[in-house]
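Trainee: Could you walk me through the metal site and the cavities in this one? I'd like to hear the reasoning behind each label.

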Amino acid sequence: MKRFLIISSLWLVAVTTTLAQDLQSPDGNLEMNFSLQEDGTPVYSLNYKGQEVIKTSKLGLELKNDEHSLLAGFSIEDTATSHFDGTWEPVWGEEKEIRNHYNELEVKLKQAETNREMVLRFRLFDTGLGFRYEFPQQNELGHFVIKEERTQFAMAGDHTAFWIPGDYDTQEYDYIESKLSEIRGQMEKAITGNLSQTSFSNTGVQTSLMMKSDNGIYINLHEAALIDYAAMHLNLDDEKMIFESWLTPDVNGDKGYLVSPTQSPWRTVMVSDDAKDILRSRITYNLNEPLAIEDPSWIKPMKYIGVWWEMITGKSSWNYTDEFTAVKLGETDFDAAEPNGRHGANNENVKMHIDFAAEHGFDGVLVEGWNIGWEDWFGHSKDYVFDFVTPYPDFDVEEIRDYAKSKGVEMIMHHETSSSVRNYERHLDTAYAFMNKHGYNAVKSGYVGDILPRGENHYSQWLVNHYQYALEKAADYKIMINAHEAVRPTGIARTYPNLIANESARGTEYQAFGGSKPNHVTVLPFTRLIGGPMDYTPGIFEMDISKLNPDNDSHVNSTIANQLALYVTMYSPLQMAADLPEHYEQFPDAFQFIKDVALDWDESIYLEAEPGYYLTIARKEKGENNWFVGNVNGNEERISNISFDFLDKDKDYIATIYSDGKDAHYKDHPQSYEIREVRVNHRSKLSQVSVPGGGYAISIMEVDKDKAKQVKKL
Ligand code: NOJ
Ligand code: CA
């Protein structure tokens, strides 16, 4: 893969000063100010087009058993500014080339009493600010333990926020839209149940946090390059409207063990008066390190189906038998056990899925529940739950491998760790080698339930290091990872693009666990997707879950057209068609969009966007002249108006528009849709109604003039 790195200009200015330092974004819209307060506390502020976005906010870290900490008493030793403008090509992505363009300020600080050095590095892009703490090698700060990072983000008003409760163990919450001052009052109802959860404060929220000010400024707080450090939450002082960082603690309540030279992740503040810029911004990726994999040619986008939704809905089971309440690997005899007759991962069912994938052009098939241990897989704090290599008696690894190969379909491995992380690390090499041997080049891993070692949290430094270890080791084995319940991504896929997706938010599975809010998918691109792609698992066509399992009365709060649009609006190089093959067979014309839609893009154009309400995106297929458009809509009916001026001027296209039917509604008529074929060119315009929880999807294929003429104009 070719990569370009062009440093267009670079200048360095070194001055010894205690004066305030200003930094501007390349377009001049953002202005950052850094200074030291009288007691030597570092502070910064941020303005956008002359308006305050971040008021004077403190920077620093409180250290454990350390009377000085890294909070005050600093003087400026040195400052340097520089400018960077370059482009790089992602292995997969929303566009084929990403521009990395910023002005940088480096501030070298010295704490007189301790002689310690700390560097603050600020990068100001047109779409936001990134900054981090750096701790150069020094004997005065060799090893240190973080009690709390004390980075502030002082808001300039009582903004509207789209937030989920701060939690050390889960992100699988529905978003709440409220004023910052209302977070405290709504926290209790926001904390819905999960198999592992630890909230910490009535005003604690997670990143990426999306906000909008009363005068229409969009602000997003997150972090980039979370490596060897605990994930950051935000705790709000709702009298002063100041957010402060709140790291995920380990079992002892400590928030990080650091050894210099080292640095914190980048703290990011995206800002614009146009919500589309938040989607367009690439600062999270740009603040990560370049590609670390020498030859990434084995990393490929994948569209897949799976033996999965049937278990999630309760139609079938992961476990093979109902005979045991406890399983001991190596001792429990599965061959002698009575099968429960509901085990999804059986040879016949898997082969049916392979056939379906081959017939409809899917790259892969995921099979969950293939390996022994699911009889008591969570809730028992059991260390040795899975060995990741031993199949149940009705799943023949070799036979399935050969069958899939003969049909040109890839099998996707499943490693549910049930959060017994130490056990997973013990088995990791064997498990990855087993995948290599049997031709699996992608794994969906999972971290359901409370972490073992007991007392650890899903997002503490120890766990962050585990996810990274599993990712880097997978790269050695040429394996792609899709980790569920792991820490939310922070752009690390730039460096390790074998992290092809994560869950780390409330995915489609919750539509079968009682349902998600109909506007959920209008928030996710502004929050969870800021750090990287999500394995959201769209494509549900049967919204009445009781039809799959009479004991499950969940309803999928979405129309079929909305489900189709998600393949465009929820960018991911890994996309699932999550429903059962039989449901796709009922709606072959709508299914056609899922078959056609691309996974990798030359270009993405954000046509309309308002978090919580709607978004419309057009994307051009990588290396082809086909375009796909997706619109997802929130709780109210809306007319979307778009222009096709992104199309080539001299070309003709046929557009197939998959929209909500006239009587469609996520609740009452979710399966009502219309499909029409029209001729379009760069002058065409569309005015399209999307119903509550609805949307539309369009595939646009280039055709020759004669073919175009046979089709009615839009
Ligand atoms: C939770 C994951 O999100 C889901 O996709 C998976 O099926 C279950 N864990 C079992 O591993
Ligand atoms: Ca999950």
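Mentor: Here is the metal site, followed by the cavities.

Mentor: Some ground rules: this is a predicted model, where local features need pLDDT of at least 70, side-chain atom pairs count only at pLDDT 80 or more, and totals for chains, interfaces and linings use all residues. Residues are numbered from 1 along each chain as its sequence is written, chains are lettered from A and ligands numbered from 1 in the order in which they are written, and side-chain values use heavy atoms, without hydrogens or water.

Trainee: What makes these residues donors of the calcium ion (ligand 2)?

Mentor: Glu-172, Glu-485, Glu-503 and Glu-509 coordinate the ion through OE atoms at 2.3 to 2.6 Å. Donors are N, O and S atoms within 2.8 Å of the metal, or 3.2 Å for Na, K and Ca, so these qualify; water is not among the atoms, so sites may look incomplete.

Trainee: Why is the site of the calcium ion (ligand 2) called irregular?

Mentor: Its 6 donor atoms make angles of 52 to 165°. Six donors count as octahedral if opposite ones are over 155 degrees apart and all others between 65 and 115; four are tetrahedral if all angles lie between 85 and 135, or square planar under the six-donor rule; anything else is irregular. The 52° angle fits neither octahedral range, so irregular it is.

Trainee: How do the donors sit along the chain?

Mentor: Their spacing is E-x312-E-x17-E-x5-E. Glu-172, in the loop between strands S12 and S13, and Glu-485, in the loop between S26 and S27, are 313 residues apart (strands are DSSP E runs of at least two residues, helices H or I runs of at least four, numbered from the N terminus).

Trainee: Why do Glu-172 and Glu-485 count as buried?

Mentor: Glu-172 has 6% relative accessibility and Glu-485 has 13%. Buried means under 20% (exposed is over 50%, partly exposed in between; 1.4 Å probe, protein chains only), so both labels hold.

Trainee: What makes something a cavity here?

Mentor: On a 1 Å grid over the protein atoms alone, a 1.4 Å probe fits but cannot get out; lining residues have an atom within 4 Å of a point. There are 4 cavities of 30 Å³ or more. The largest has a volume of about 390 Å³, and its 32 lining residues include Glu-94 and Arg-282.

Trainee: Which element gives the largest share of the lining of the second largest cavity?

Mentor: Helix H8, with 5 residues. That cavity has a volume of about 200 Å³.

Note on methods:
1 Å grid on protein atoms, 1.4 Å probe; cavity = no way out; pocket = protein on both sides within 12 Å on 5 of 7 lines; lining within 4 Å. Points joined across faces, edges and corners; volume = space filled by probe spheres on them.
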